[in-house]
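Reader: Could you take me through one part of this model in some detail? I'm after the charged pairs, and I'd like to know how much of each one sits out in the open.

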Amino acid sequence: MSRRRIGFWYRFAAVLCKPPLVVLLKREWRGMENIPADGGFITVVNHNSHVDPVAYGHFQYNTGRVPRFLAKSGLFKKGFVGAAMRGTGQIPVYRESSDALSAFRAAIEAVERGECVAFYPEGTLTRDPGLWPMAGKTGAARVALQTRCPVIPVAQWGANLLLPPYAKKPNVLPRKTHHVLAGPPVDLSHFYDQEMTPELLKEATEVIMAAITAQLEIIRGEKAPETPYDPKLVRIEQRRQATHTDRAEQQHALGKQGQEEGQST
């Protein structure tokens, strides 16, 4: 596989990050042959630990095609981290602002320049109780359909054992294994030449998430739940149950009040 120009900041980050990663994590990496040697493409990756962007970055750095991650805009603003984020060409995401779509424009431009853009399509750490991929957001599908670039589904497992989601301290011993499996490109061709409606993007996203989940099933040797965990649906159900509980408590209180008034007459 040919190696593209990586640049000073990526090599400097590698010098800093690779030694502790090698010490903390054994590696079982498969599917590097599915990472394109040339041309722009995107990778879509599951997210189950605050450590996994660095661990996954190590995997893809070793393929010679360094990823441009979409990351929170606040990381780009100050100090060494900001300089490193800018120097390595990461893409800032301005959430809840009028410039929120600029990340997708920048991702499209990067792909058209022949770069790799890495997406965490879940948008955040998975909240699935079994740490399976959740329902995804449509940004990766939007970029993929607009550029018609290869979409490489990547599953990873093991960084979450070193640092579980939302944990404050790592679980260093025994030494964990970081598994990565990159699959063949996702076939999205049947979505081409159609109007890019919310429904189309949602359907394409479901195909992408199913491909990531299939790779993770191979790594874990077990089947994922048939229906992906969807935080929006869970919140709706929680609000419905809370409303039902509130109404039941109000009815109970009114009934008790009526009994007390009846006894006092």
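Let's start with lysine 223: is it buried or exposed? And where do the partners in these pairs sit?

Author: Lysine 223 is exposed, with a relative accessible area of 66%. That label follows from the cut-offs: buried is under 20% relative accessible area, exposed is over 50%, and partly exposed lies in between, with a 1.4 Å probe and protein chains only. Before going on, keep in mind that this is a predicted model, where local features need pLDDT of at least 70, side-chain atom pairs count only at pLDDT 80 or more, and totals for chains, interfaces and linings use all residues. Residues are numbered from 1 along each chain as its sequence is written, and side-chain values use heavy atoms, leaving out hydrogens and water.

Back to lysine 223. Its salt-bridge partner is glutamate 217, with 3.5 Å between the closest N and O atoms. Salt bridge here means a side-chain nitrogen of Lys or Arg within 4 Å of a carboxyl oxygen of Asp or Glu. Glutamate 217 has 18% relative accessibility, so it counts as buried. This pair therefore joins an exposed lysine 223 to a buried glutamate 217.

The structure holds six salt bridges, including two others that are worth your time. One of them pairs glutamate 115 with arginine 68, at 3.3 Å from N to O. It links distant parts of the chain: glutamate 115 is in the loop between α4 and β5, while arginine 68 is in strand β3, 47 residues apart. Helices and strands are DSSP runs numbered from the N terminus: H or I over at least four residues for a helix, E over at least two for a strand. Both ends of this pair count as buried, because glutamate 115 has 18% relative accessibility and arginine 68 has 11%.

Then there's glutamate 28 with arginine 30, whose closest N and O atoms are 3.9 Å apart. Here neither end falls in the buried class: glutamate 28 is at 36% relative accessibility, so it counts as partly exposed, and arginine 30, at 33%, counts as partly exposed as well.

So if you're clicking through the pairs, you'll find lysine 223 exposed against a buried glutamate 217, glutamate 115 buried along with arginine 68, and glutamate 28 partly exposed beside a partly exposed arginine 30.
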